Amino acid sequence: EFNTSEIKGEITEYNPVKLVIARTGQDLKRWRSYVDQYHMLGDKTVFGSRLQYFVKSGDIELGCIQFSASSWALKQRDEWIGWTVNDLKARLTLIVNNSRFLIFPWVHIRNLASKALSLAAKQIQTDWLREYCYAPVLLETFVDLEHFKGTCYKAANWTYLGETKGRGRM
């Protein structure tokens with residue numbers, strides 16, 4: 001069972017915040033359990049390359065984040081990049097998707113979400129290169145605008161490109 005005692009305060013009280021890979025075994029089981037229990041989409045099977053992280057302050061786990069294979073086709077993204085169909089086929093692996101992001105419901109630390117996203121943007125290339133022998137050059141995500149505003153992504157300098165048709169990986 002998880003310790004769900006309230007954690008609150010300012011980000012400066014919890015620095016340094018870090019992202020730690022949830023490795024196969026007990027760490028990954030705990031990560032999956034958190035996401036399954038507390039993320040609105042749960043822990044669904046992800047195919048292909050992926051990295052799961054704990055968002056931590058010292059030994060305190062504050063949240064979970066996952067990066068995985070990108071969507072196959074996103075009109076706004078592909079137009080923004082300027083890729084042709086052949087470019088997309090050759091380079092799609094260079095994009096990774098922030099497919100899960102969870103700050104635990106008992107954690108109320110101002111600016112933690114944008115801090116975690118900023119850390120991920122700086123760290124993902126090195127980690128992905130070590131794990132998969134190539135480094136991504138672009139991160140993408142989807143925000144359910146019926147439930148969220150995407151404020152933490154804006155605060156972490158992610159660029160809004162538009163709305164999708166919502167057809168899964170397509």
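Arg 23, Asp 127, Arg 130 and Glu 131 are linked in a network of salt bridges. The model is a predicted one. Side chains of opposite charge can pair when their charged atoms come close.

One link in this network joins Glu 131 to Arg 23, with N and O 2.9 Å apart. Glu 131 belongs to helix α4, whereas Arg 23 sits in the loop between β2 and α1 (26–38), so the pair ties together parts that are 108 residues apart in sequence. Glu 131 is partly exposed, at 31% relative accessible area. Arg 23 is partly exposed too, at 38%.

Another link pairs Arg 130 with Asp 127, again with 2.9 Å from N to O. Here the partners are three residues apart in helix α4, which means about one helical turn separates them. Arg 130 is partly exposed, with a relative accessible area of 48%. Asp 127 has 5% relative accessibility and counts as buried, because the cut-off for buried is under 20%.

A further salt bridge connects Arg 77 and Glu 140, whose closest N and O atoms are 2.7 Å apart. This pair also links distant parts of the chain: Arg 77 is in helix α2 (residues 75–81) and Glu 140 in strand β7, 63 residues away. Both Arg 77 and Glu 140 are buried. In total, the count comes to 10 salt bridges. Three of them are set out here.

| Salt bridge | N to O distance | Setting of the residues |
|---|---|---|
| Glu 131 – Arg 23 | 2.9 Å | helix α4; loop between β2 and α1 |
| Arg 130 – Asp 127 | 2.9 Å | helix α4; helix α4 |
| Arg 77 – Glu 140 | 2.7 Å | helix α2; strand β7 |

Next, the sheet. Five strands make up an open sheet, ordered β2-β3-β4-β5-β7, with mixed pairing. β2 (17–21) and β7 (138–141) are the edge strands; each has a single partner, so one side of each is left without a neighbour in the sheet. From one strand to the next the twist averages 35°. Strands of a sheet pair through backbone hydrogen bonds, either parallel or antiparallel.

Strand β5 shows the mixed pairing at work. Strands β4 (residues 60–69) and β5 (residues 95–103) run antiparallel and are joined by seven bridges. Towards β7, β5 has four bridges, and these two strands run parallel. Val 96 has a partner in each direction. Ala 69 stands opposite Val 96 of β5. In β7, Leu 139 is the bridge partner of Val 96. Eight of the nine residues of β5 are buried, so this strand is largely enclosed by the rest of the structure.

Helix α4 returns at this point. Its residues, 112–132, lie across β2, β3 (50–57), β4, β5 and β7. The helix runs at about 135° to β3. Helix α4 also holds Glu 131 of the salt-bridge network, as well as Arg 130 and Asp 127.

The surface has a nonpolar feature. Met 40, Leu 41, Val 143 and Phe 148 form a nonpolar patch there, with about 350 Å² of accessible area together. Where in the chain is Val 143? Val 143 is placed in the loop between β7 and α5 (151–155). Is Val 143 buried or partly exposed? Its relative accessibility is 31%, so Val 143 counts as partly exposed.

Definitions and conventions:
Residues are numbered from 1 along each chain as its sequence is written. This is a predicted model: local features need pLDDT of at least 70, side-chain atom pairs count only at pLDDT 80 or more; totals for chains, interfaces and linings use all residues. Side-chain values use heavy atoms; hydrogens and water are left out. Two strands pair if DSSP finds at least two bridges between them. Axes are lines fitted to C-alpha atoms, for helices over the stretch in contact, and angles run from 0 to 180 degrees between N-to-C directions. Contact means heavy atoms within 4.5 Å. Patches are made of residues with over 30% relative accessible area and no salt bridge: like charges are joined within 9 Å, nonpolar side chains (Val, Leu, Ile, Met, Phe, Trp, Tyr) within 5 Å. Accessible areas come from the Shrake-Rupley method with a 1.4 Å probe; for residues, only the protein chains shown count as cover. A salt bridge is a side-chain nitrogen of Lys or Arg within 4 Å of a carboxyl oxygen of Asp or Glu. Buried means under 20% relative accessible area, exposed over 50%, partly exposed in between (1.4 Å probe, protein chains only).
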